[in-house]
Amino acid sequence: MIIDAHTHLGFNEVCNATAKELIDSMKKAGIDKALVFAAEMNDLPTERLLQEIAPYQDKLYAIGSVSPLLGKLPSLKKVEEWLAKKIIYGLKF
């Protein structure tokens, strides 16, 4: 099994790629699963990342993003819930 440990999606000039595009490129490269990092600079906060990868939960695993410098922060309670329920698999600060 091949796992890409650091991928990004996005919806702006910094990064413009959808989950479907990532899945397609993974198939071509023989990659089975990937960790996908949320990033405010890509216009992809954690909540939006979770929506984008929802159809691919068997292949794409969310890494949430928490930055006091960028955008609105999710509540600590929400982050704890995401981690406990394995909705996200890690955090990038």
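**Exercise 1. Classify Asp43 by accessibility, then describe its backbone and its place in the chain.**

Solution. Asp43 has a relative accessibility of 36% and therefore counts as partly exposed. The class follows because partly exposed covers the range between under 20%, which is buried, and over 50%, which is exposed. This value, like the others below, is computed from a predicted model. Next, the backbone: the phi of Asp43 is near 60°, a positive value in a residue other than glycine. For context, most residues other than glycine have a negative phi. Finally, Asp43 belongs to the loop between β4 and α2.

**Exercise 2. Carry out the corresponding analysis for Lys86, and state the phi of Gly30.**

Solution. Lys86 has a relative accessible area of 55% and is therefore exposed. Its phi is near 55°, again positive in a residue other than glycine. Lys86 is located in the loop between α3 and β6. Gly30, which comes just after α1, takes a positive phi of about 75°.

**Exercise 3. Determine the strand order of the open sheet and identify the strands at its edges.**

Solution. Step one is the order: the sheet is open and has 4 strands, arranged β1-β4-β5-β6 with parallel pairing. Step two concerns the edges. β1 (3-8) and β6 (91-92) each have a single partner strand, so one side of each lacks a neighbour in the sheet. Step three adds a helix: α1 packs on the sheet, where it touches β1, β4 and β5. The direction of α1 makes about 130° with that of β5.

**Exercise 4. Establish how β4 is joined to β1 and to β5, and give residues that stand opposite each other.**

Solution. On one side, β1 and β4 run parallel and are joined by 4 bridges. Here Thr7 stands opposite Val36 in β4. On the other side, β4 and β5 also run parallel, with 4 bridges between them. Val36 has Ala62 of β5 as its bridge partner, and Phe37 stands opposite Ile63 in β5.

**Exercise 5. Decide where the buried residues of α1 lie around the helix axis, and name elements that cover them.**

Solution. The buried residues to consider in α1 are Ala19, Leu22, Ile23 and Met26. These residues cover an arc of only 100° around the axis, which places them on the same side of α1. The elements covering the buried residues of α1 include β1, β3 (16-17), β4, α2 and β5.

Ile23 serves as an individual case within helix α1. Its relative accessible area is 7%, so Ile23 is buried. Beyond residues up to four places away in sequence, Ile23 touches Tyr56, Lys59 and Leu60. Ile23 and Tyr56 are separated by 33 residues in sequence, while their C-alpha atoms are 8.2 Å apart.

**Exercise 6. Apply the arc argument to α2.**

Solution. First, the buried residues of α2 are identified as Thr46, Leu49, Leu50 and Ile53. Viewed down the axis of α2, these residues fall within an arc of 100°, so they line one face of the helix. Among the elements that cover the buried residues of α2 are α1, β4, β5 and α3.

**Exercise 7. Identify the residues of the largest nonpolar core that touch the most other members, and trace which elements supply the core.**

Solution. The core has 18 residues, of which Leu9, Leu49, Ile53 and Leu60 touch the most other members. Two or more core residues come from each of α1 (19-29), β4 (33-37), α2 (46-53), β5 (60-65) and α3 (76-84). The largest share, 4 residues, is supplied by α1.

The surroundings of Leu9 can then be listed. With neighbours within four places in sequence set aside, its contacts include Leu22, Val36, Leu49 and Ile53. Cys15, Ala17 and Asn42 are also among the contacts of Leu9.

**Exercise 8. Classify the geometry of the pair formed by Tyr61 and Tyr89, and compare the accessibility of the two residues.**

Solution. The count of aromatic pairs is 1. The ring centres of Tyr61 and Tyr89 are 5.1 Å apart and the planes stand at 85°, so the pair is edge-to-face. The pair links distant parts of the chain, with Tyr61 in strand β5 and Tyr89 in the loop between α3 and β6, 28 residues apart. As to accessibility, Tyr61 counts as buried at 18%, whereas Tyr89 counts as partly exposed at 44%.

Note on methods: Residues are numbered from 1 along each chain as its sequence is written. This is a predicted model: local features need pLDDT of at least 70, side-chain atom pairs count only at pLDDT 80 or more; totals for chains, interfaces and linings use all residues. Side-chain values use heavy atoms; hydrogens and water are left out. A nonpolar core is a set of buried Ala, Val, Leu, Ile, Met, Phe, Trp, Tyr and Cys residues joined through side-chain atoms within 4.5 Å. Buried means under 20% relative accessible area, exposed over 50%, partly exposed in between (1.4 Å probe, protein chains only). Contact means heavy atoms within 4.5 Å. Two strands pair if DSSP finds at least two bridges between them. Axes are lines fitted to C-alpha atoms, for helices over the stretch in contact, and angles run from 0 to 180 degrees between N-to-C directions. The arc is that of the directions from the helix axis to the C-beta atoms. Rings of Phe, Tyr and Trp (its six-membered ring) pair if their centres lie within 6.5 Å; planes under 30 degrees apart count as stacked, over 60 as edge-to-face and the rest as tilted.
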